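Dear colleague,

I am handing over the structure shown below, and after it I set out what was found when going through it.

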Amino acid sequence: MRWRVRLLGMILLVLLVIPVQGALSLSFQREILALYKSSEGQTERENEIFFYLSRPLKQMGFTVRYWDIDKGVPDSRSLDRVRAVISWYRGAAMSHPEQYLEFLESAMDREVKVLVFDNFGAYQDRDSKKYMEPSRLNPTLARLGIMYFGDWTQDAAVMSIVTIDSRMVEYQGTQDLQNSAFFYRFLQHDRNLKVYLSIRRTDRNYDPSPVIVTNRNGGFALSRYIYRQESGKVKLLLNVEEFLKESLFPRAEQERIALLSESSDTVTAKTLEYTKTLLRRAKLPFQVIDKEQLSLLVPGDLRPFSAVGLILKGDSDLDPKVLEDFLDQGGGVVSLVGGDFQKLASVLGQTRGRGRPTAKTGYRFKEGFLLGEGLPLEGTTFQWLPGSGSPATDAEILAYSHKESHPLLWTVARGDGRVLSWNWNGFLTGDFQGFILESFLYVRPVGIAATAGLGIMFVDDWPIPMFNVVKAPLSVKDTEFYTRQFWPDMKAFFSRRGIPYISYLVFNYNANTEPPFGSGEFFVAENQATVKIAREILESGQELGLHGYNHISLTENKTKVNVAVWPSQQAMEQSLEAARKEWIGLFGEHSLPYAYIAPNNIISEKGIAAVHNAFPSIKVMSFLRSGMGEETRTDFGPHPRFRDVYLIPRTSSGYPFTPAVRQLTVAAASGAGIWAHFIHADDIFDPHRSQGMSWEQLKDEFGSMVDFVNKHYPWIRFVSLREAHETLRRHDDIGMEYRWLDGERLEIRSTSPGLPLRIRMNGYQLRHSDGAKILYRYSKMPAIVLEMEGTLATLEFSKR
């Protein structure tokens with residue numbers, strides 16, 4: 001049984017695994033719970049933790065509370081204020097070892113780290129003298145990334161060192177197998193295991209045994225390789241300070257973002273919401289650290305992350321040294337909200353704020369920050385509020401307000417890292433959310449994000465009831481304009497550019513919200529043009545969706561644009577049932593619509609339920625992605641209640657290529673990589689939507705818009721809505737990992753091929769790619785769009 005006792009003379013460490021969705025919460029308490037055994041002659045001041053670990057732990061910012069495990073396991077509720085549990089036992093036995101294992105597992109479940117030095121201490125039941133079965137111990141060891149297979153020996157003649165990191169394991173002396181003479185066979189269970197020392201048994205034909213390791217979930221160090229005694233003195237072979245640092249603050253090897261956030265008002269809450277949805281779609285793991293935890297952070301706590309986002313309006317008791325340490329390690333920091341920073345001002349590349357800021361107007365982005373082929377960006381009307389600070393003298397300003405030339409965005413180098421500071425509250429609306437993702441790519445030496453690369457074209461209110469009347473500003477009847485100009489022109493436009501489209505018909509423009517729900521307007525057009533165009537669309541292979549029985553938004557709430565409200569969900573469903581019967585009669589049941597958009601882009605949850613009940617064929621619903629009005633806004637993805645319905649919101653609209661539409665287009669492409677644009681058939685009759693332009697001018701403007709997308713984002717594929725839905729569903733199911741093998745080699749793993757990736761290189765260039773093909777290489781900025789050819793790709797970079 002001797003091998004069982006020796007097995008647990010090791011260091012065990014459990015660390016948090018953060019999923020792509022970023023749902024877990026790290027423990028950032030300042031207390032370390034130190035366990036010892038009085039039965040082994042240890043006291044609160046006479047134990048190895050006190051001798052060797054208390055000083056470096058104190059220097060790291062922690063306090064140590066000691067606990068005699070012979071008095072029983074601590075109450076699990078005490079773990080709420082604990083950062084880590086550390087034990088250093090001299091023997092293998094204790095009373096009630098099963099309870100102790102449960103305590104350690106409870107700690108791990110709470111994301112409290114567990115470090116066990118020297119002997120595990122719970123290998124044997126002191127009272128019954130029975131050893132714990134490996135079947136009970138191995139599940140814990142498996143969580144730590146190792147598997148134990150015994151095969152113990154003390155014969156140094158059959159041992160050899162294979163892997164050694166002298167910085168970690170030869171601190172005050174060299175590893176000497178003649179002195180250590182201790183071997184157990186451990187199997188590497190975790191592919192990401194970080195090995196500092198491994199030993200081969202030369203008389204066996206199996207892989208070297210890793211005896212000092214760490215990984216994202218844990219680590220261990222076999223006891224005889226930690227220290228040895230020479231001339232009555234202890235000589236530490238393990239660099240305990242460095243090992244504690246790697247254990248408590250493991251270095252980031254994967255792309256992972258920390259979001260330090262408050263949600264005290266709408267600006268910070270909305271900015272956090274948009275940031276999280278963007279990072280999820282980019283397949284970038286993230287962790288939210290809320291304001292209440294910021295005062296508990298110590299230097300080193302941000303090391304497990306590759307970038308940090310600040311969504312704060314002030315210092316929030318965050319120690320500047322926490323950010324300084326992270327930047328010294330080469331990390332990137334993005335501050336997304338202009339605030340009143342005092343202690344953090346220097347780190348963020350700004351002066352301390354004074355006075356009350358006043359509203360600013362518009363924006364001017366210099367070429368080089370936003371994704372595109374030499375793309376500056378200007379807007380003259382957007383109103384925003386800056387923070388109280390100004391850029392430091394060593395900052396590079398990337399954007400100003402348009403009217404006042406007030407600094408809006410700047411960057412500064414700090415340590416070996418980079419800071420990007422947004423000096424506004426502009427992310428509140430969601431219109432600029434793609435700039436958030438661009439910011440995180442900008443502060444990394446090489447930034448990477450998944451993208452969809454999809455373009456979707458919507459034609460709302462088409463075909464439309466035509467009333468055979470002349471309406472300003474035209475001098476011909478609406479029916480003549482639609483059938484002889486609009487429709488032939490749009491078909492030619494889309495055909496020439498290879499753009500699929502989906503049209504959404506509305507059967508009536510009446511204001512009926514109570515039964516009976518009659519029909520007739522759909523048939524008013526001369527020669528039944530509306531019906532014929534609808535049938536033509538279906539027969540052409542393009543898509544036809546539903547806009548509604550009429551153009552009244554499906555909501556019981558009165559809105560500025562609704563001329564009437566629905567009395568109940570039942571009334572909504574009755575109107576939709578009438579529309580369903582009309583559809584089947586005109587086009588056949590086989591062609592029932594696949595998609596729905598809400599009139600005025602406004603709908604309630606009851607309205608969504610009504611559509612879902614009346615039209616089971618509808619699998620896609622579309623509203624808006626951003627904005628500040630009364631319209632319904634959603635993210636891309638399944639509806640939270642009706643999981644068979646996928647939401648594909650629209651990102652921009654209209655024919656005129658205004659500065660606002662240009663900005664929305666850039667934000668859509670650089671964010672989720674989905675440009676979902678809609679136009680109306682009757683925009684020519686609306687002075688606001690047409691901006692007083694003629695039909696020829698509107699066509700030209702629309703052409704310029706599509707040309708802009710093709711120039712700056714040629715990797716965006718225009719697809720049908722059905723293909724977009726299928727593609728996004730498939731992308732949602734793909735798991736991704738971005739792992740740095742070293743400073744210049746990036747390994748990308750996915751569960752399925754075909755996902756496009758955006759790469760931004762800041763001071764680097766792509767030297768070689770294996771497993772990913774280049775879709776587009778930008779000529780005027782250091783950016784590339786790739787596509788995974790299989791499930792594994794390796795990219796090699798070099799400094800410019």
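**Loops, sheet and helices**

Ser 231 sits in the loop between β14 (227-230) and β15 (233-236). Although Ser 231 is not a glycine, its phi is positive, at about 55 degrees, and with a relative accessible area of 80% the residue is exposed. Please keep in mind throughout that this is a predicted model.

As for the whole, the protein has 19 helices and 42 strands, and its C-alpha trace spans about 105 × 60 × 50 Å along the principal axes. Of the 800 residues in the protein, 60% are buried, while the surface that the protein exposes comes to about 30,900 Å², with carbon and sulfur atoms supplying 47% of it. Among the contacts with a separation of 6 or more, 75% are between residues 24 or more positions apart. There are 94 positive and 94 negative side chains in the protein, and the centres of these two sets lie 3 Å apart.

The part that I would look at next is an open sheet of nine strands with mixed pairing, in the order β17-β16-β18-β19-β24-β23-β22-β20-β21. At its edges stand β17 (286-290) and β21 (377-384), and because each has a single partner strand, one side of each is left without a neighbour in the sheet. From one strand to the next, the twist averages 20 degrees.

Towards the β21 end of that order, the pairing can be followed strand by strand. β20 and β21 run antiparallel and are joined by five bridges, one pair of partners being Tyr 363 and Gly 379 in β21. Helix α11 (residues 433-442) packs on this sheet and touches several of its strands, including β20, β21, β22, β23 and β24 (417-422), and its direction makes about 160 degrees with that of β24. Helix α16 (residues 659-670) also packs on the sheet, where it touches β20 and β21, and its direction makes about 100 degrees with that of β21.

Strand β20 (residues 360-365) is also joined to β22 (residues 396-400), again in the antiparallel sense, by two bridges, and here Arg 364 stands opposite Tyr 400. β22 in turn pairs with β23 (residues 407-414) over four antiparallel bridges, and Tyr 400 appears once more, with Pro 407 in β23 as its bridge partner. The hairpin formed by β22 and β23 has six residues between the strands, and within this hairpin Ser 405 takes a positive phi near 55 degrees.

Another helix to note is α15 (residues 605-614), which is mostly covered, since seven of its 10 residues are buried. The buried residues are Gly 607, Ile 608, Ala 609, Ala 610, Val 611, His 612 and Ala 614, and they pack against α14 (569-587), β29 (595-597) and β30 (620-622).

Two loop residues can be set side by side.

- Thr 651 lies in the loop between β32 (646-647) and β33 (652-653). Its relative accessibility is 11%, so Thr 651 counts as buried, the cut-off being under 20%. Leaving aside residues up to four places away in sequence, Thr 651 touches Arg 625, Phe 636, Leu 664, Ala 668, Ile 674, Trp 675 and Ala 676.
- Val 565 is placed in the loop between β28 (543-548) and α14, and is partly exposed at a relative accessible area of 31%. With the same neighbours in sequence left aside, Val 565 touches Thr 513, Thr 555, Glu 556, Asn 557 and Lys 558. Val 565 and Ser 553, which are 12 residues apart in sequence, have their C-alpha atoms 7.7 Å apart in space.

Finally, there are some points of backbone geometry to check. Most residues other than glycine have a negative phi, and most peptide bonds are trans. Against that background, the peptide bond from Trp 462 to Pro 463 is cis, with omega near -5 degrees, and Pro 463 lies in the loop between β26 (454-460) and α12 (478-497). The bond from Pro 515 to Pro 516 is cis too, with omega near 5 degrees, and Pro 516 is in the loop between β27 (502-506) and α13 (529-540). His 96, found in the loop between β5 (93-94) and α3 (97-109), has a positive phi near 55 degrees and is partly exposed, with a relative accessible area of 48%.

With best regards

Methods. Residues numbered from 1 in each chain as written. Predicted model: local features only at pLDDT ≥ 70, side-chain atom pairs only at ≥ 80, totals over all residues. Heavy atoms only, no water. Pairing = 2+ DSSP bridges. Buried < 20%, exposed > 50% of the residue type's maximum accessible area, 1.4 Å probe, protein only. Contact = heavy atoms within 4.5 Å. Areas by Shrake-Rupley, 256 points an atom, 1.4 Å probe, with all protein chains shown as cover. Lys, Arg positive; Asp, Glu negative; His and termini not counted. Charge placed at Lys NZ, Arg CZ, Asp CG, Glu CD. Axes fitted to C-alpha atoms, helices over the stretch in contact; angles between N-to-C directions.
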